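Let's take a walk around this protein, starting from its outside and working inward. Keep the 3D view open as you read.

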Amino acid sequence: MNLKIPNAIPDYIKNLFRSDFFSRLFRGGLWMGIGIFFVKFWSFLTSVVLARLLGTAQFGIYGIIIIAYSTFGVFAGLALAVTVGKFFSDFHKSDKQRAADIVSLALIASICSGILTCILLLLFRDIIAINVLMCPQLSNEIGKIGITLLFFAISGVFSGILLGAENFKLAAIVMIITGLLDFLSKSLGAWYGGIPGVVWGMIIGGALSVLFYCLASLKILRTYKISLQFGRIFKEIKILKEFTCPALLDGIFVWGGMFVVRVILFRSVDGEIQTGYLTACMQLAIVILFLPQMLSRVLLPIMSTTVASGNYGTIRNAIFTTFISFVLLALPIAIGVAIFSPWLMSLFGKDFGPHYNVLLIIALDTFLLSCFTFFPSLMQSFKLPWVSFSCQLLFFAIYIALSFALLKYQAFGIGLAGAIARFIYCIFASLSIIWLLHKKRNTIQVHE
C-alpha cells in the first residue's frame, strides 16, 4: 500500500505508515471497521429504542442485566476467542493439524463452560437477584441469561477462527448480520414484553449468532483444508494453562470490576435511574472506542507475527505506529462527543438531557482507554498476559475504592472514579511498554 504523505512529516514517521505492518493493519482494520461500525450502530439504536420504550428506571435494569451478561460471559467464554485467534493465526498455514487440535479443544471447552455457567446461574439466580442486586423481580431473567451465555461462548470460538485467518471481510459481514438480528430481537421483545421480552430477544439473537458464525467458520476450515478431530484435544491442553488462564483472569477483573461498580450504583438511592443515565453515557462513549477497537480486533494476529520476526526496530515501530494511530483516531471523536453531549443525551429521552455532565467525564475515561486499547493484545503477543492482568488489577482496585468514596455524586461520581483510575492505568501501561522494549533490545544485543 503506497501512501502519499506530506513532505513536512519526518521520514521515520513516513516509513512507519508505509510499513507492511501498517498496510496489514489498515486493510484488516478497514473491513473490521465496517463490521464494528454497524455493530455499534445497532447497539446504539437498540439502547435508544429501549430507553424510550422502557423508561429511565427500566432502562437502568436493562443496563444491569447487560453488565451481568458480560461479566458471566467471561466465565462462559474462557477467553477462548482470543486464544483461537492467536494460535489459529500462528498455525493455520504452517501446522494444520495443530490448528485443528486447538480449535477442537476450544470448541469442547466453550460448550462445557457455557453449559456449566448456565446451570450455575439457574441454581443461584435468587441469590444474585435478591442478595446482590436487591431486585427480586430479576430472578427469572438472571436464570435465562445463562442460555445466551452458552451461545456467546460457542460464537467466540468461531469468531476467533475468522480473525485468526485474517478474513476480516467475512468477519465484518457476519458482524453486520448478527448485529441487525440482535437489534430486531431485543426491540421487538421490549415492545411486546418489557424486560422479560428483551431477555428472550437476547436468547434468540444469540442462537442466530451461533448459526451465522458457524457457517462462516466452516467456510474458513474448508478453505485451508483443516478437519477438526476431537480425539486429540488433550494434546493442546497446556494452552489453557499458559495462555487462556491469564487472559481469562484479565477478563474477570475487567468485567468483574465493572459489575461491582455498577452494583454499587444500582443499590444506591435512585439506583435504577442513575444506572439508566450511566448506561446511556456508556453507549454514547463507545463511539470514541470505535476506531481503536476496530484496529485492536485485527491487531493480535498481526502483532504476533511481527513479534515473531525478532527484529527490535520493526517491533518498536509497530508499537509506536499503533499508539499514534489510536490517539489520532480517538481524539477528534472524543472532542465531538463532549461538544454535543447535551443533544446526544437527549436522544434517550427528555429525562436524560440534563445529565450530560456524566457523559463528559465518561468521554474522558473512554478516550484514555482508547489510547491503550492495544495494550492487552501487545502483551499477549509477547506471551506476557500477566503484565496486562496486573495493570487491570491495579485499575479496578482503584476504581472500586474511588467508587465507594464518590458514590454521593451518583452516576457522575462513578464516572469520575473511572477517569482517575484510568489515568493511573495509562501511566503503568506506558511504563510496562518501555520496560518491554528495553528488555527486548538487551536480549537482541546479548544474542549478537
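The surface that this protein exposes comes to about 19,300 Å², and carbon and sulfur atoms supply 69% of it. Keep in mind that you are looking at a predicted model.

One part of the outside is worth finding in your viewer: a nonpolar surface patch of about 710 Å². Its makers are Ile-111, Ile-115, Leu-116, Ile-119, Leu-120, Leu-123, Phe-124 and Ile-127. To zoom in on one of them, go to helix α5 (residues 96–132), where Leu-123 is found. Is Leu-123 buried or exposed? Its relative accessibility is 61%, and exposed means over 50%, so Leu-123 counts as exposed.

Now for the whole chain. Here are some overall values:

| Feature of the protein | Value |
|---|---|
| Helices | 15 helices |
| Strands | zero strands |
| Buried share of the 448 residues | 55% |
| Share of contacts (residues at least 6 apart in sequence) that join residues at least 24 apart | 82% |

Helix α6 (residues 139–164) takes us to the inside. How many of its 26 residues are buried? The count is 21, so α6 is largely enclosed by the rest of the structure.

The length of helix α6 can be checked too. At 1.5 Å a residue, its 26 residues should span 38 Å, and the C-alpha atoms at its ends are 38 Å apart, so the two values agree. After α6 comes Glu-166, which has a positive phi, near 60°.

Definitions and conventions. Residues are numbered from 1 along each chain as its sequence is written. This is a predicted model: local features need pLDDT of at least 70, side-chain atom pairs count only at pLDDT 80 or more; totals for chains, interfaces and linings use all residues. Side-chain values use heavy atoms; hydrogens and water are left out. Helices (H or I, at least four residues) and strands (E, at least two) are DSSP runs, numbered from the N terminus. Buried means under 20% relative accessible area, exposed over 50%, partly exposed in between (1.4 Å probe, protein chains only). Contact means heavy atoms within 4.5 Å. Accessible areas come from the Shrake-Rupley method with a 1.4 Å probe; for residues, only the protein chains shown count as cover. Patches are made of residues with over 30% relative accessible area and no salt bridge: like charges are joined within 9 Å, nonpolar side chains (Val, Leu, Ile, Met, Phe, Trp, Tyr) within 5 Å. A salt bridge is a side-chain nitrogen of Lys or Arg within 4 Å of a carboxyl oxygen of Asp or Glu. The expected span of a helix is 1.5 Å times one less than its number of residues.
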